[in-house]
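Biologist: Got a minute to go through this one with me? Let's start with the cysteines.

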Amino acid sequence: MQLVLIIALIIGIADANTLSVCPNGWIAYEGSCYLFGHEDNPMTFTAAEQYCRQHGGGHLIHVENVQENAFIKDQLRERKPIHWWLGITDEETEGIWKWFDDDSVATYTDFQPDDHETLDQDCLIFTSVYDFRWADVQCSYKCPPICEIRSEHIEPGVVG
Ligand SMILES: [Ca+2]
Ligand SMILES: [Ca+2]
């Protein structure tokens, strides 16, 4: 009985910590908070970016490195949707992939093995077909967003 109480306390403390870092419903990892969309609400790239701005003032996810990518893939393997938006496009210059939040050229990428230089496919999704490596699609394609906000950018009113 005491053990159960101690475990409950530990879980309670962990919950409290998460809530103090990220808004309700968001998942914390390495200084960022992530919000995963729902399979019953797929949207175009533009609508997905708007969705993220309206929810906590974030952007579609910007994947900085292999660790962040691996964390997100683990999350996606446990969820239903097979495709998810990344916040990146090569709309400006074909083959030059730029992150939407800060306009930086991608240094870390995880393209699925076939092409990622198709003229009419300027947006990227995580796809379960390649164990959630990245594939290019038309930006008018519809799938759920993954939103990201850096913890330090969270507006005080938003924190759960
Ligand atoms: Ca990131
Ligand atoms: Ca393209």
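Modeller: Sure. A disulfide here is a pair of cysteine sulfur atoms within 2.5 Å. Keep in mind that this is a predicted model, where local features need pLDDT of at least 70 and side-chain atom pairs count only at pLDDT 80 or more, while totals for chains, interfaces and linings use all residues. Residues are numbered from 1 along each chain as its sequence is written, chains are lettered from A and ligands numbered from 1 in the order in which they are written, and side-chain values use heavy atoms, with hydrogens and water left out.

Biologist: OK, how many disulfides by that rule?

Modeller: The count comes to 3. Cys123 and Cys139 are one pair, with sulfur atoms 2.1 Å apart. The torsion about their S-S bond is about 100°, so that disulfide is right-handed.

Biologist: Where do Cys123 and Cys139 sit in the chain?

Modeller: Cys123 is in strand 6 (residues 123-127) and Cys139 is in the loop between strand 7 (133-137) and strand 8, 16 residues apart. Helices (H or I, at least four residues) and strands (E, at least two) are DSSP runs, numbered from the N terminus.

Biologist: And what does Cys52 pair with?

Modeller: Cys52 is joined to Cys147, S to S 2.0 Å. This pair links distant parts of the chain, with Cys52 in helix 2 and Cys147 in strand 8 (residues 146-150), 95 residues apart. The torsion is about -80°, so the link between Cys52 and Cys147 is left-handed.

Biologist: What about Cys22?

Modeller: Cys22 bonds to Cys33, with the sulfur atoms 2.0 Å apart. Cys22 lies in the loop between helix 1 (2-21) and strand 1 (27-29) and Cys33 in strand 2, so the pair ties together parts 11 residues apart in sequence. In sequence order of the bonded cysteines, the pairing reads 1-2, 3-6, 4-5.

Biologist: Why is there no bond between Cys143 and Cys123?

Modeller: They're too far apart for a bond: the sulfur of Cys143 is 9.3 Å from the one in Cys123, which is its closest cysteine sulfur. Cys143 is buried, at 2% relative accessible area. Buried means under 20%, exposed over 50%, and partly exposed in between (1.4 Å probe, protein chains only).

Biologist: Switching to the metal. What coordinates the calcium ion?

Modeller: His62 through O, plus OE atoms of Glu64, Glu68 and Glu148, at 2.2 to 2.7 Å; Glu68 and Glu148 are each listed twice. Donors are N, O and S atoms within 2.8 Å of the metal (3.2 Å for Na, K and Ca), and water is not among the atoms, so sites may look incomplete. His62 is buried at 7%, whereas Glu64 is partly exposed at 37%.

Biologist: What's the geometry, and why?

Modeller: Irregular, because the 6 donor atoms subtend angles of 52 to 154°. Six donors count as octahedral if opposite donors are over 155 degrees apart and all others between 65 and 115.

Biologist: Last topic: how many salt bridges?

Modeller: The whole structure has 8, each a side-chain nitrogen of Lys or Arg within 4 Å of a carboxyl oxygen of Asp or Glu. One of them is Lys80 with Glu39, at 3.7 Å from N to O. Those two are 41 residues apart, Lys80 in the loop between helix 3 (66-77) and strand 4 (83-89) and Glu39 in the loop between strand 2 (32-36) and helix 2 (45-54).

Biologist: Which residues are linked in a network?

Modeller: Lys73, Asp110 and Arg133 are linked by salt bridges that way.

How values were computed. Four donors count as tetrahedral if all angles lie between 85 and 135 degrees; four count as square planar and six as octahedral if opposite donors are over 155 degrees apart and all others between 65 and 115; anything else is irregular.
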